[in-house]
Amino acid sequence: MKLKFDYLSKCLLLCLFFVGLSSLAFGQRTITGTVTDAENGEPLIGASVLVRGTTTGTITDIDGSYRLTVPEGNDEVEVSYTGYTASVIELGAANVLDVALAPGTLLDEVVVVGYGTQKAKEVTSAIASLDTDDFNVGNVNDPTQLVQGKVAGLSIARPGGDPNGSSTIRLRGLSTLGANTSPLIVIDGVIGASLETVDPNDIASIDVLKDGSAAAIYGTRASSGVIIITTKKGQEGAARVEYNGYVSAESVSRRVPVASASEFAQYRPGSDRGFSTNWLDEVTETGISNAHNLSISGGSASTTYRASVNFRDINGIGLNSGFDQLNGRLGITQKALNDRLTLSIDATATNRDASYGLREAFRYATTYNPTAPTQIQSETDPLFDTYGGYYQEVNFDYFNPLAIAEQSTNIGNLRDFLVSGRADYKLVEGLTAGVFYSALRENDAFAEYYQKDAYFRGINRNGLAKRVDQIKESQLFELTGNYDLEFGNNGLDVLLGYSYQDFEFSELFVEAGNFISDDLTFNRFDAAQDFADARATVSSTRNNYKVIAFFGRVNLNFDNTYFLSASLRQEGSTRFGANNKWQMFPGVSAGVTLSNLFDVSGIDNLKLRVGYGETGNLPPESYLSFLRFEPQGSFFYNGGFVPALAPSRNANPDLRWETKGEFDVGLDFAFGDYFLTGSVDYYNRRTRDLLYQVVVPVPPNLAPTTWANLEDVVLRNSGFEATLGLNVGEEGSSFYWNPSLVFSTYNTILDTLSVEDPTFAFFSSGDAFKDPLTAPGAPGLNDDPTTAVFPGQELGQLWGPQFVEVGEDGEFVFADLNGDGMVADIVGEEDKQVIGNGLPDFSLGFANTFSFGNLSLSFFLRGDFGHDLANLYRVFYEPLGSRSIDNLVITEYFDENLTATPKFSSYYVEDASYVVLDNASLSYTFDLAEDSAFDKLRLYVTGQNLFWITNYSGSDPTPRYADPGRADNGGRYEREFNPSPLAPGIDRRNSYFNSRTILFGVNVGF
């Protein structure tokens, strides 16, 4: 399937087609009435009145009144309102129908599951559902930030305040080693959709499928969980315009403590340059940002729509970091053929112009000499023109941070377009057939340039430019059939479906230097003279793959007490070996509402759930099952040198699915007229046939590595989760308080069944895997791994000597484990041990919402507890024996007697447990006159990261779930795009510092 259509033209044609269908109307009648509260008779504003079995409906106005056109042949309407029990009423001869609704329960709320929805009371899997009332507030630019800390078991880590930074997401810990470690994203039915295509303002709800029985319906890509995002839709009624906007100020909240100029001169008198410079102040600023959302929605009985425009001008605390983003979204739903046919189309486009800055500016602002000036003071100085006027001492891994920020360009342009369409046709009562299509295109361009006189990356190449252009395309086509049958208090729901999805990726990479002028930058690579001496690099790649699936699910409801759900997905992918293209992924769960079996005062709901499901994981790249050749050296041929090709990866026609099996048992409860609600879950996972690049001998193999399934190694996860909530007072009354608490813990173990794979042969002796790329780095610590993986033990172990004290000679004294008498210079592994763990023991989130009439207050505290961080700033720059040109890190652990050269040990591993006031918001909603131009006016002030409670001395105590490797002397992370999940807990030096934000906003409705 090829993308050969003009998106805009197709959207316009579909819109015209929908409008044309609206003229196909049949016989009908009109009913009117009011909807009120059954207890106090008050009108219910915005109640839904829906023709049963169709999508025809309306909502009540400010008086609780409604007017609805009912198509011929329909004789039932369903009236519903949030917090009330829905009522189904059979129409008689009268055309006036007044309805009184009784207050309902949380069990009637709708939960989004894979390929459908269920009422909360029917859900038998571990699913967390959040809507706009539950979301985090503030300067939220990433959809995942909306639910950070709000879902038990969902860990979202985003160290630092980088406005362009991405989050590391883990659901119930680590479920794979070599495949995707983040949850699958589904946006309005589009599997694998990009989060960049949706603005947080347009999101109506986020549902997290946490266990295997819920995620199994998505099969191959669901081992790390599934996050389903549903966007806001239009509703029948008069056109409604809404604006939401804010302006914010962002500043540095936490920094690495370093010596002032006077302290530095005291400790480093030989390096005193006579100035006083606060380098962090030089490379940071107050980031002033603003964001605006404008939407219009409404519609008639046959057509509903919603359109929105979002603009964000975001500026970070680092110089030249931020982005401008414009996003537009349009959704239209059209009903036709006597409401038997429902057509919908959604289209969204996003353009982001980003300035990434350089995180290295924070690193060297921490370590550069505070007595040095920012610039050379005299233009007559012979070095003035050498480095563009910036002060610079020539040394290894030593760069003027202000010059880094101002002599480099690091930008990107991201353009995303997503269009989807769905058609559902009701064949007979309860039986619906549907077809769905979506197309996603992402055009990303990244460019860097380092000036000819820039000491950082530029001067050695006489100007250096880099450009990366990427195009990602995917298309999804699905057919579904649903049969829904209700008889009394019983129900049957059957789903059958087919899914076809293809993906294409292409990339062009160019890096070259030796430019004749800085004016050309990355726009004119033909002006780079590096090509002549073969220092330039040019590469391109293109790959594609397909995923095809057949799936089905059956949901049973017996007497609103016993529930059963069973699903099966058979899926195939071209990413696997020729001998293993297909795999089945089953899921089954059951539940019983125990509170229906006995009558106990005060128990509103008590439901036991049990489920088991299997999910899979794709290899991280295409063609990994094929023999691969790469250039290695060259040979002379026909008067010139020609690149030679050699095998770099062996073929594996047996490469197959990685499979995770997960058991979950849970209990949902509500007591005291829903005063206390919550749930608890215990889960146990086992991932087998792990995908991994293993080391193999040469010969008999052609290449030293092969992508394979680890039959001898398994990944085990288990944990406990709890969610609790209170409802004090009535929502909308003079006082209301809704506190909620989420708690989660997990344990991840890498274990073996037997040992044959040479990559993990160390397990046979009980030894550990020590990744050399986890070493602290330069200067001087490139061969000292800081993590270890032991068979049968929890992942995340930090590894090194155990610090005892500072000796009289100023050297480190370490524990002598092997009895050789060496306590200062630890060379071998015999004197090393586990000195910490980078993964939290448990996580907490505590949300509070108060309302006092028109005044509302909310705040959210979250924290991770029990994890350690290896503070590499302290390792390199705290001992007085470190390089005399570097500034000193002065924390509470600083010891003037420690004159040793830097060495990694337990002395630098700190407990990083923390609690942060993630956000707090105060708002006031005005009472408006009936003749007011507005129907809603709300003002609010919000703060983010207002304070931290932690003993960690670094800039950010947030867990580091994966390690990107070393990066020194202007180099890049060794595995920047593929960080190791086996090495959590290392706080590297190239980190964007943390920030605090205060914003003022307004929400207006027309």
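**Salt bridges and overall architecture**

A total of 50 salt bridges was counted. The model is a predicted one. Three of the pairs are described here, followed by a network and the chain as a whole.

Asp162 and Arg359 form a salt bridge through their side chains, with an N to O distance of 3.1 Å. Asp162 sits in the loop between β11 (154-157) and β12 (168-171), and Arg359 in the loop between β21 (341-356) and α5 (360-367); the pair therefore ties together parts that are 197 residues apart in sequence. Asp162 is buried, at 8% relative accessible area. Arg359 is partly exposed, at 32%.

A salt bridge also joins the side chains of Lys936 and Glu242, at 3.5 Å from N to O. Distant parts of the chain are linked by this pair: Lys936 belongs to strand β49 (residues 936-944) and Glu242 to strand β17 (residues 237-254), 694 residues apart. Lys936 is partly exposed, with a relative accessible area of 26%. Glu242 is also partly exposed, with a value of 23%.

Lys660 and Glu662 make a further salt bridge, with 3.2 Å between N and O. Lys660 has a relative accessibility of 1%. It is buried, because the cut-off for that class is under 20%. Glu662 is likewise buried, at 1%. Both residues belong to a network of salt bridges. Its acidic members are Glu662, Asp664, Asp668, Asp681 and Glu721. Its basic members are Arg172, Lys210, Arg609, Lys660 and Arg685.

At the level of the chain, the secondary structure comprises 7 helices and 52 strands. The radius of gyration is 31 Å, close to the 30 Å that the globule rule gives for 1006 residues, so the chain is as compact as a globular protein of that length. The C-alpha trace spans about 100 × 70 × 65 Å along its principal axes.

Of the 1006 residues in the chain, 54% are buried. Among contacts with a separation of 6 or more, 70% come from residues 24 or more positions apart. The exposed area of the chain is about 41500 Å², and carbon and sulfur atoms supply 55% of this area.

The chain carries 72 positive and 127 negative charges. The mean positions of the two sets lie 6 Å apart.

Terms used. Residues are numbered from 1 along each chain as its sequence is written. This is a predicted model: local features need pLDDT of at least 70, side-chain atom pairs count only at pLDDT 80 or more; totals for chains, interfaces and linings use all residues. Side-chain values use heavy atoms; hydrogens and water are left out. A salt bridge is a side-chain nitrogen of Lys or Arg within 4 Å of a carboxyl oxygen of Asp or Glu. Helices (H or I, at least four residues) and strands (E, at least two) are DSSP runs, numbered from the N terminus. Buried means under 20% relative accessible area, exposed over 50%, partly exposed in between (1.4 Å probe, protein chains only). The radius of gyration is taken over C-alpha atoms; the globule rule is 2.2 Å times the number of residues to the power 0.38. Contact means heavy atoms within 4.5 Å. Accessible areas come from the Shrake-Rupley method with a 1.4 Å probe; for residues, only the protein chains shown count as cover. Lys and Arg count as positive and Asp and Glu as negative; His and the chain ends are not counted. The place of a charge is taken as NZ of Lys, CZ of Arg, CG of Asp or CD of Glu.
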